[in-house]
Amino acid sequence: MRTQVAIIGGGPSGLLLGQLLHRQGIDAVVLERQTRDYVLGRIRAGVLEEGFVDLMAEAGVADRMEKEGIRHDGTVMAFGEHQVHIDFTRHAGRPVMVYGQTEVTRDLYDARAAAGATTLFQVEDVTLCDLETGKPYVLFRHEGQEKRIDCDFVAGCDGFHGVSRKTIPDNVRTEFEKVYPFGWLGILSETPPVHDELIYSNSERGFALCSMRSHTLSRYYVQCPLTDKAEDWSDDAFWAELKRRIPSEHAANLVTGPSIEKSIAPLRSFVSEPMRWGSLFLCGDAAHIVPPTGAKGLNSAASDVYYLYHGLLSHYLEKDGAGLEAYSEKALARVWKTQRFSWWMTSLLHRFPDQGPFDLKMQVAEMAFLAENDDAQATLARNYVGLPY
Ligand code: RFL
Ligand code: PHB
């Protein structure tokens, strides 16, 4: 088999890149380790930057998002009973879009199938070969047979546990990592959201987040120790804990119900440099991870896709390789700024096991400054709605 771009990973990065390329007549094959249903069963991101929304429109897959997604003009930041409203539209001129990663992925799979583009599921033992020669190829097993795809480029969109990043030799790759001493326990429930905007809350019992997927589907999180197991948390225990961690005004309005999903995600900041090696270009979680506090993971993946897509367009349509040459540097410049924002939001909003009285006073002072200072609110708003590409 031959294609122009072999895309490893059928998560949002790989699918979005594939769809954008397809619209420009550039051929790509997507290789995904799991089944379609497995990928669609993972409950992850919920907030899209406007840049992501624009890319979905460019990929021709924005119709359902425009109908069913909800634009948010702001968010609530709480510290105990104190609340600060961050007005995105006033400070940054743009809202964000609340539309789940599951729905983004479903729309992209449907568009790919309608376009007749090739996606191979349940591929095994993907191996990237001859990445430095200009004639790369990919070996893998599919339906019991050994297969080979020759290509011009490989897009490594296979997430944090994928094979692409690890193919870059150790002496070329530098990894930067910070692991946080807690996780997020999340539930999804068929209940109306507690508020019409998201609520990020730092309480003396730890962080909590009230989010949503629609007017009838809510997503809530509480910070928990890494030793906790999701199955040890009953729904009643979750709701009781959430109520104690959000301002009483909102706790009084909380509608509870059975959870339809419950899971724990550890929090980590991670960047691998460079994001290009020979014909291999890393995109999204394959190259970097953020703690979810700033809602930046999927959005950072989208900015990588934007740079890579434009680099590939210039290469194929204008015979200009400058965009691909600059890919790693450009992508990393934005990645590090979203790392900084996600780390800052995480540091401000969580209770750390080794936090002393001084550290707590710093959080209190930072929140007080945010409450009183328009410029601080504008900085938060600009980062939250997304830095320019
Ligand atoms: P993905 O989604 O991990 O997809 C990678 C795909 O590659 C496949 N794969 C392979 N395929 C072939 N061969 C191999 N060897 C392979 N190895 C792996 C995998 O099966 C998978 O299908 O990476 P991608 O596409 O880069 O997308 C990244 C996002 O999924 C991630 O950044 C976000 O979910 C992070 N995130 C959030 N991001 C936001 O922008 N806003 C949010 O509100 C937000 N909330 C979240 C989040 C992540 C969370 N968790 C669970 C980590 C909330 C949570 C709780
Ligand atoms: C979510 O809805 O899953 C969500 C929203 C905002 C975040 C993280 C996760 O910062």
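Helices and strands here are DSSP runs, numbered from the N terminus, with at least four residues for a helix and at least two for a strand. The model in these exercises is a predicted one.

**Exercise 1. Getting an overview**

Task: Find how many helices and strands the protein has, and work out why its radius of gyration agrees with that of a compact globule.

Solution:
- Start with the elements: the protein holds 13 helices and 20 strands.
- Next, take the extent of the C-alpha trace, which is about 60 × 40 × 40 Å along the principal axes.
- Now compare the radii. For 389 residues, a compact globule would come out near 21 Å, and the protein has 21 Å, so the two agree.
- Then look at burial: 55% of the 389 residues count as buried.
- Finally, consider the contacts between residues at least 6 apart in sequence: 72% of them join residues at least 24 apart.

**Exercise 2. A sheet of 3 strands**

Task: Work out the order of the strands in the open sheet that holds strands 3, 4 and 7, and say which strands stand at its edges.

Solution:
- The order is 3-7-4, with antiparallel pairing.
- Strand 3 (47-48) and strand 4 (70-72) each have a single partner strand, so they stand at the edges and one side of each has no neighbour in the sheet.
- For a closer look, follow strand 4 to strand 7 (residues 96-98): they pair in the antiparallel sense over 3 bridges.
- One residue pair to look up is isoleucine 70 with valine 98, its bridge partner in strand 7.

**Exercise 3. Unusual backbone spots**

Task: Locate the loops that hold glutamate 143, lysine 319 and proline 274, and describe the backbone there.

Solution:
- Begin with the background: most residues other than glycine have a negative phi, and most peptide bonds are trans.
- Glutamate 143 sits in the loop that links strand 10 (137-142) and strand 11 (145-150). Its phi is positive, near 50 degrees, though the residue is not a glycine.
- To place glutamate 143 as buried or exposed, use its relative accessible area of 68%: the residue is exposed, since the cut-off for exposed is over 50%.
- Lysine 319 belongs to the loop between helix 10 (297-318) and helix 11 (322-349). Here too phi is positive, about 55 degrees, in a residue that is not a glycine. With 71% relative accessibility, lysine 319 counts as exposed.
- Proline 274 lies in the loop between strand 17 (259-273) and strand 18 (276-277). The peptide bond from glutamate 273 to proline 274 is cis, with omega about -5 degrees.

**Exercise 4. Two helix residues and their surroundings**

Task: Decide whether asparagine 299 and leucine 332 are buried or exposed, and list what each one contacts beyond its neighbours within four places in sequence.

Solution:
- Asparagine 299 is part of helix 10. Its relative accessibility is 1%, so asparagine 299 counts as buried, the cut-off being under 20%.
- Beyond those sequence neighbours, asparagine 299 touches Val47, Leu48, Glu49, Phe52, Arg334 and Tyr389.
- Leucine 332 is part of helix 11. With a relative accessible area of 9%, leucine 332 is buried as well.
- Its contacts, with the neighbours within four places again left aside, are Val271, Ser272, Glu273, Pro274 and Met275. Look back at Exercise 3: the cis bond joins glutamate 273 and proline 274, and leucine 332 contacts both.
- To finish, find alanine 287: its C-alpha atom is 9.4 Å from that of leucine 332, with their positions 45 residues apart along the chain.

Definitions and conventions: Residues are numbered from 1 along each chain as its sequence is written. Chains are lettered from A and ligands numbered from 1 in the order in which they are written. This is a predicted model: local features need pLDDT of at least 70, side-chain atom pairs count only at pLDDT 80 or more; totals for chains, interfaces and linings use all residues. Side-chain values use heavy atoms; hydrogens and water are left out. The radius of gyration is taken over C-alpha atoms; the globule rule is 2.2 Å times the number of residues to the power 0.38. Buried means under 20% relative accessible area, exposed over 50%, partly exposed in between (1.4 Å probe, protein chains only). Contact means heavy atoms within 4.5 Å. Two strands pair if DSSP finds at least two bridges between them.
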